[in-house]
Amino acid sequence: MEDFSKKLKDAERLAARSGVSRRDFMQLAMMTGLSVSAAGAMFSKAEAAETPKKGGTLRMGMEGGSATDSLDPRTYADSVMIAASLAVYDSMVEFDNAGNPTGALLESWEAKPGAVEWIFNVRQGIKFSNGKTLDADDILYSIGIHRGEDTKSPAKGILAQIADIKAITPSQISVTLSSGNADFPVILGDYHLVVVPNGFTDWENPVGTGAYKLASFEPGVRLVFENRGDYWMAGRANFDRVELLNIQDVAARTAALQSGQVDAVNRLDARTVDLMKGNNALSIVRTKGTGNRFCFVSRVTSPGFENKDLRLALKWGIDREKIIDSVYSGYAVPGNDHTLDAFNPYYNTDMPQRAYDPDKAAYHFKKSGLSGEITLSTSEGAWGSAVDCAQLYQESMSKAGITLNVKKESADGYWDNVWLKEPFCAVYWGRRLSADQTFTQVYGSGSDWNDSDWRVPAFDKLVEAARVELDETKRKEQYFECQEMIAEDGGMVCFAITDYLDGYSSKVMGVQPHARYDMNDNRIASKGWFA
């Protein structure tokens with residue numbers, strides 16, 4: 001009975017978050033001995049908690065900020081600024097919990113046969129925080145700042161497929177691609193592609209159509225937002241005020257949640273989350289197998305790393321299972337040296353999972369003809385447990401007779417000063433919802449975020465061919481080959497894909513798992529409310 005009571009309490013909390021149907025809840029309740037009327041009353045109470053309520057200050061403690069942060073969407077690289085951005089700006093396209101693209105400021109769309117020409121309808125009657133009414137020119141400008149030779153936007157590569165874009169009317173735009181892409185609306189859901197007014201450049205004083213206005217911003221420390229009071233999306237913008245604190249250390253973040261200093265945190269430590277689950281004052285949201293892809297990436301154009309055998313030694317020399325067990329307590333699956341996950345329909349199920357093999361690592365290192373130590377740059381600024389992972393990597397490489405020097409870098413400015421600059425460093429990637437976006441942005445020759453600098457024309461052509469292939473069997477074969485090329489020849493050692501583990505005060509509602517990112521797609525500030 002005690003176990004059923006605990007399950008019932010859990011079910012009640014899940015029901016309040018849309019996690020349990022009335023039928024399932026009633027069955028579980030009656031198994032504990034409750035009457036039908038009592039169980040119904042309990043479910044009604046949970047359903048009432050599901051109705052968004054206005055008011056209060058949401059305090060968020062998040063890893064993923066830096067002293068170099070900016071509200072210029074061309075600069076985002078980590079979770080704090082993504083969450084901050086989605087508080088003040090709106091996306092063109094959003095994704096539902098299952099990862100399907102849904103209309104946001106681009107309300108609807110249709111493609112002509114072949115998926116080369118697209119028509120997008122701009123949502124009407126939407127006001128920016130400065131009073132301006134949204135129109136097609138705002139959409140064109142917001143896409144345009146990520147295009148062109150001079151932009152340093154990470155979205156430049158995924159938008160290179162646009163051959164022509166223009167306004168048909170103030171409420172409609174036309175996009176012509178260089179070749180067909182049935183997944184193009186997914187591209188426009190990239191988190192960099194938020195909407196600002198036509199000609200806007202004052203990023204210290206952001207103007208958006210989002211739920212909140214920026215009240216204060218101390219980069220790498222704290223952001224404060226205040227409710228606009230006139231948000232267009234029903235059921236959202238429920239908090240009066242949102243405070244977003246950059247708390248890089250996971251122990252400090254966890255302590256802040258447990259003590260009630262904050263109401264929501266991201267990236268809980270998998271080693272302590274089981275203990276936290278027993279605290280009824282807290283709610284833990286787990287999204288299995290779709291979380292961050294943790295990697296050590298070599299730039300294949302850097303001295304030594306241009307040698308394929310060295311890169312293979314790095315891939316065979318990491319003990320993925322030991323890292324997953326020791327650092328993530330099993331809340332992860334092994335990565336296979338590319339960033340697609342098993343939930344993607346084009347994940348290569350034929351490719352064997354690379355396992356730790358110190359003999360193969362030693363063989364390839366000897367074959368490379370290189371000697372001496374290899375330096376790996378890492379930091380808590382990459383992700384909270386990156387140094388722990390690197391030290392276990394160092395240990396496993398030593399068993400292959402390879403000396404790995406772990407160089408700990410400053411957390412501040414890691415993404416500006418180390419990533420894309422050092423020859424071998426720690427990096428994580430969030431989930432992209434299409435194979436095309438993954439391959440284009442992470443590995444494409446035209447991408448500024450190609451952190452391995454692995455630029456292979458044959459790979460680019462294969463991605464382009466798959467993009468327009470209507471035969472699903474052939475398209476799957478092409479994407480399978482893409483993964484094989486990356487894993488065999490690329491510079492990425494992708495060793496783990498984690499579960500997302502969010503922590504909330506039990507009074508925070510709207511805390512559902514999401515197919516793309518943690519913290520309800522980094523939108524808990526606009527989607528959540530207090531019970």
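Let's start with what lines the largest cavity: 10 nonpolar residues, four polar and four charged. Keep in mind that we are looking at a predicted model. How much space is there in this largest cavity? Its volume is about 190 Å³. Of the 18 residues in the lining, the closest to the centre are Ala77, Tyr191, Tyr428, Gly430 and Arg432. If you'd like to find the place on screen, look for helix 4 (79-88), strand 17 and helix 18 (518-522), since each of them supplies at least two lining residues.

Now, how many cavities of 30 Å³ or more does a search of the whole structure find? It finds four. Rolling a probe the size of a water molecule over the atoms is what shows where empty space is left.

Let's visit the second largest cavity too. This one holds about 50 Å³ of space. Its lining includes Phe95, Val186, Asp190, Gln437 and Tyr517. Two names should ring a bell: Tyr191 and Arg432 line the second largest cavity, and they are also among the residues closest to the centre of the largest one. By class, the second lining has five nonpolar, two polar and four charged residues.

Next, a bit of backbone. Most residues other than glycine have a negative phi. Here are two residues that have a positive one.

Arginine 267 has a phi of about 55°, although it is not a glycine. You'll find arginine 267 in the loop between strand 11 (264-265) and helix 9 (273-276). Is arginine 267 buried or exposed? It counts as buried, because its relative accessible area is 11%, and the cut-off for buried is under 20%.

Leucine 420 is not a glycine either, and its phi is about 70°. Leucine 420 sits in the loop between helix 14 (414-417) and strand 17 (424-429). With a relative accessible area of 26%, leucine 420 is partly exposed. And yes, that is the strand 17 that helps to line the largest cavity.

Finally, let's zoom out to the whole chain. It has 19 helices and 21 strands. The radius of gyration is 24 Å, close to the 24 Å that the globule rule gives for 531 residues, so the chain is as compact as a globular protein of that length. Along its principal axes, the C-alpha trace spans about 75 × 65 × 50 Å. Of the 531 residues, 58% count as buried. As for the outside, the chain exposes about 20,700 Å², and carbon and sulfur atoms supply 50% of that.

Key:
Residues are numbered from 1 along each chain as its sequence is written. This is a predicted model: local features need pLDDT of at least 70, side-chain atom pairs count only at pLDDT 80 or more; totals for chains, interfaces and linings use all residues. Side-chain values use heavy atoms; hydrogens and water are left out. Helices (H or I, at least four residues) and strands (E, at least two) are DSSP runs, numbered from the N terminus. Buried means under 20% relative accessible area, exposed over 50%, partly exposed in between (1.4 Å probe, protein chains only). On a 1 Å grid over the protein atoms alone, a cavity is a set of points where a 1.4 Å probe fits but cannot get out, and a pocket is an open set with protein on both sides within 12 Å along at least five of seven lines; lining residues have an atom within 4 Å of a point. Grid points are joined across faces, edges and corners, and a volume is the space filled by probe spheres set on the points. Ala, Val, Leu, Ile, Met, Phe, Trp, Tyr, Cys and Pro count as nonpolar, Asp, Glu, Lys and Arg as charged, and the others, Gly among them, as polar. The radius of gyration is taken over C-alpha atoms; the globule rule is 2.2 Å times the number of residues to the power 0.38. Accessible areas come from the Shrake-Rupley method with a 1.4 Å probe; for residues, only the protein chains shown count as cover.
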